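Q: Hi! I'm new to this one and would love a quick tour. Could you walk me through it?

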Amino acid sequence: MSDTLRPETADQLLDTVKWAVSEKTPMEVVAGGSKRDFGRPMQTAATLDMSAMSGIDTYEPEELFVTARAGTPMQELNAALDEKGQQFSFEPPDLGPLLGAESNQGTIGGIAATNLAGPRRIKEGAARDHVLGFNAVSGRGEVFKSGGTVVKNVTGFDLSKLMAGSFGTLAVMSHVTLKTLPQPEKIRTLLVCWRIDGVYDHGAMKVMSKALGSSHDVSGAAHLPAAAAAASSVDYVNASGGGVTALRLEGPGPSVEHRLEALKSEIKDFGRIEELHTVNSRTFWEEVRDVRPFVGRDDLEYVWRISVPPADGSRIALFILESLKGEVFYDWGGGQIWLGLKPVVNAGAEVIRAAIANSGGHATLVKAPADIRGEVPVMQPLSDAEALIAGKIKEGFDPEGVLNPGRMYSGI
Amino acid sequence: MPKPDESVIARRAELAAALREIVPGEGVIDTEEELRAFDCDGLMAYKQLPLIVVLPETTEQVSKVLKYCHENSVKIVPRGAGTGLSGGALPLADAITLGLGKFKQILDIDFENRCVVTQPGVTNLGITQAVEHAGFYYAPDPSSQIACSIGGNVAENSGGVHCLKYGLTTNNVLGVEMVLMNGDVVRFGGKHLDAGGYDLLGVITGSEGLLGVITEVTVRILKKPEVARALLIGFPTMLDAGKCVADVIADGIIPGGMELMDKPIIHATEDFVHAGYPLDVEGLMIVELDGPEAEVAYLVERVEKIARACNATTVRISESDDERARFWSGRKNAFPAVGRISPDYICVDGTIPRKKLAEVLERISEYSEKHGLRVANVFHAGDGNLHPLVLFDANQPGELEAAEALCADILTLCVEVGGVLSGEHGIGVEKRDLMGTMFTEDDLKQQQRVKCAFDPEHLLNPGKVYPELHRCAELGKMHIHHGKLPFPDIPRF
């Protein structure tokens with residue numbers, strides 16, 4: 001049984017990392033544990049539990065930022081923002097249920113460290129675009145910070161971007177500052193319900209491309225093929241009997257009404273059109289955000305998240321499904337493919353990565369049993385030059401490999 | 001600046017000959033007369049002749065030049081259009097200035113994926129011009145957009161008046177091709193979103209030419225909003241104006257742009273472009289709202305109401321694109337207008353929390369008196385990005401020094417009130433020595449360890465951004481804190 005260290009203050013956190021460095025003791029960094037099974041399995045002698053470093057330090061709605069300790073639950077933050085009519089615009093997902101954990105366990109540190117984003121990614125960016133600054137302890141046992149609380153900031157290298165998506169392999173953040181933005185007054189979703197038999201994914205790409213290339217400011221564009229649509233808890237979606245393409249419009253009331261009518265007339269020839277109002281819209285987009293179509297699907301042993309040029313989404317997905325058994329659905333206008341696979345050798349990694357080789361992009365094995373995550377590269381393999389840089393960055397931040405060693409790549 | 005290496009300077013002819021083997025014809029410049037054109041960037045108070053200027057035309061040439069310089073320990077200063085305001089492209093006496101001015105092709109316009117792949121020497125406005133026939137545009141719009149290059153925008157993480165709503169360069173760049181100092185060509189990002197591993201694209205953006213030389217850029221483009229309208233709002237005090245900025249944001253409105261000018265700017269620009277600005281106000285604000293007609297009409301009304309509640313004395317709403325352009329004409333000509341009332345000026349670039357505006361402006365006027373120099377203020381008010389223009393006459397002994405001291409005071413103040421040293425112009429040479437006001441030694445060392453991963457010999461753009469570059473071997477050393485677990489009170493399980 002490994003040691004679990006649970007610092008409660010920044011000083012204790014520093015002491016903990018210093019101890020790990022001096023003892024050369026690799027640590028798993030964890031807080032809520034919702035994404036503990038995301039990444040490669042690690043051999044760590046100790047666990048650094050950040051959940052006691054919790055709480056909002058500063059929330060200034062007029063200045064559009066919140067600073068919280070890294071172990072603060074997203075649920076607590078979302079509630080605080082909601083009270084002021086604000087939100088995190090990148091729609092941080094809750095991957096807990098997908099990965100077999102409870103819902104609402106995620107923390108601000110985990111969201112930043114995994115650089116996740118929901119459907120609004122296409123308009124508002126990912127966690128990387130919303131982390132304004134942080135304080136951290138590096139794997140050298142040194143306290144450092146980067147960024148600040150303001151959006152416009154070109155003061156030295158942008159380490160916030162580097163920390164976002166580094167899976168805790170470089171430093172342990174103690175405090176994170178995220179941008180906050182006003183909630184939209186009104187939300188509407190247009191559904192295109194496909195009646196054509198067989199393959200309609202290509203048509204969905206066209207609808208989404210048309211909508212995202214319009215001036216209607218679409219803030220969500222997803223396509224659920226029939227199986228995924230049937231799994232939705234929203235009646236209009238699960239009862240459609242076929243695939244459903246969804247387009248979200250948000251903003252001031254009169255604006256949403258206007259854009260809804262304009263967009264409707266532009267896409268009406270593709271299929272039957274339905275509309276979701278606020279409550280159903282919220283539910284639907286949360287389902288997309290949290291990969292709900294694949295939650296509880298024990299037959300889908302592996303879940304991949306594939307990021308590609310949006311117009312290539314259906315071509316790549318259907319190419320993969322020609323040789324592997326599984327299901328897909330699309331977010332980000334086709335640019336993010338969620339792929340659930342039935343048991344297959346190496347989780348289908350070779351087929352998937354070959355499929356995206358020409359278009360560019362990356363495929364991440366989000367869900368798989370630990371032994372498979374140990375054998376198959378979970379993160380998109382790096383080019384030689386990238387691997388060299390990534391290795392040197394790891395060495396610069398965590399030379400002894402005490403923080404989440406091997407979580408992303410062998411040695412990183 | 002770092003002391004020039006005389007032994008490299010002595011090898012100038014030999015280096016020029018070797019570089020001509022890589023970049024034939026007129027792409028290698030080494031006569032004093034021609035080098036003169038490259039002796040500064042937009043920070044014109046500093047001038048230095050480069051050792052040699054090389055203007056390659058292909059990625060392969062860039063790669064070979066860097067590889068050669070790497071092998072011969074010759075420093076490189078990358079340069080885009082040379083419009084930067086912080087001295088990021090200031091030449092070094094012992095370094096080659098590598099200009100990307102010949103990389104002028106747009107490579108791919110992809111409306112389906114809503115992006116453009118371009119060479120770095122294309123201007124910011126050039127991208128918009130290439131796609132506007134289809135109703136698209138590239139959102140970040142630095143005021144130098146007619147001249148500045150997209151490669152330079154990536155290096156500086158440029159902003160502009162519309163980044164409040166649409167983000168900075170870093171939020172609008174999807175990918176780059178970059179040549180490392182050893183000549184390796186790498187790609188970060190592409191037409192897809194986000195990185196599969198470390199977000200190196202995010203690190204490159206705003207790295208001021210210290211990590212590599214950008215040879216290709218992929219940016220996202222947006223469909224133009226249906227309409228845009230602007231409100232021109234005059235306030236009796238800057239305090240009222242500052243409150244209006246905060247109240248608009250607090251009301252849940254993120255305008256396309258929200259700019260503020262103080263009295264000296266209002267008068268200087270009105271004399272210059274006759275935009276019709278009211279001259280009896282202390283603060284003048286331009287708020288631009290864009291989107292569908294219905295949204296814009298709705299928000300214009302709300303902003304007007306907020307402005308009136310903040311004691312606005314004049315509120316004018318643009319009724320046409322011509323009128324909107326007229327509202328903006330003064331603001332967009334603020335710098336040349338100030339050039340007419342002062343022989344020289346320095347444009348300061350710091351960011352502050354919005355709520356500190358009034359306090360900061362008051363302190364700036366105190367500093368202005370203390371140093372005996374005039375200051376005029378323009379302000380990207382929506383995101384707290386302040387541009388005080390410090391007016392001076394370089395021909396008067398001591399005035400440049402006084403102006404620089406005044407700038408340093410203002411920037412130190414920005415940090416003191418919770419802001420940062422640079423909002424969009426970068427640190428370069430200009431603000432380098434102030435980095436210590438914002439960062440500790442450990443903060444700066446950790447940033448430099450990123451530099452070591454890309455350019456361990458510090459050959460790329462040395463003397464910029466960081467006051468002192470530590471040797472990478474030194475930075476790599478571990479200080480092990482020996483001993484047992486020094487925290488008996490940490491909960492363990």
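A: Happy to; we'll talk about one strand and then about domains.

Q: What should I know about the model beforehand?
A: This is a predicted model, where local features need pLDDT of at least 70, side-chain atom pairs count only at pLDDT 80 or more, and totals for chains, interfaces and linings use all residues. Residues are numbered from 1 along each chain as its sequence is written, chains are lettered from A and ligands numbered from 1 in the order in which they are written, and side-chain values use heavy atoms, leaving out hydrogens and water.

Q: Why is strand β14 of chain B largely enclosed?
A: Nine of the nine residues of β14(B), 283-291, are buried, so the rest of the structure largely encloses it. Buried means under 20% relative accessible area (1.4 Å probe, protein chains only), and a strand is a DSSP run of E, at least two residues, numbered from the N terminus.

Q: Which strands join β14(B) by bridges?
A: β12 of chain B (227-235) runs antiparallel to β14(B), with nine bridges, and β13 of chain B (257-262) is also antiparallel to β14(B), with six bridges. Strands pair if DSSP finds at least two bridges between them.

Q: New topic: how is chain B divided into domains?
A: Domain 1 is 6-99, domain 2 is 106-223, domain 3 is 227-335 and domain 4 is 342-428. Those bounds come from an automatic or database domain assignment.

Q: And how many residues does the contact take from domains 2 and 4 of chain B?
A: Nine from domain 2 of chain B and eight from domain 4 of chain B, with contact meaning heavy atoms within 4.5 Å.

Definitions and conventions:
Buried < 20%, exposed > 50% of the residue type's maximum accessible area, 1.4 Å probe, protein only. Helix = DSSP H or I, 4+ residues; strand = E, 2+ residues; numbered from the N terminus.
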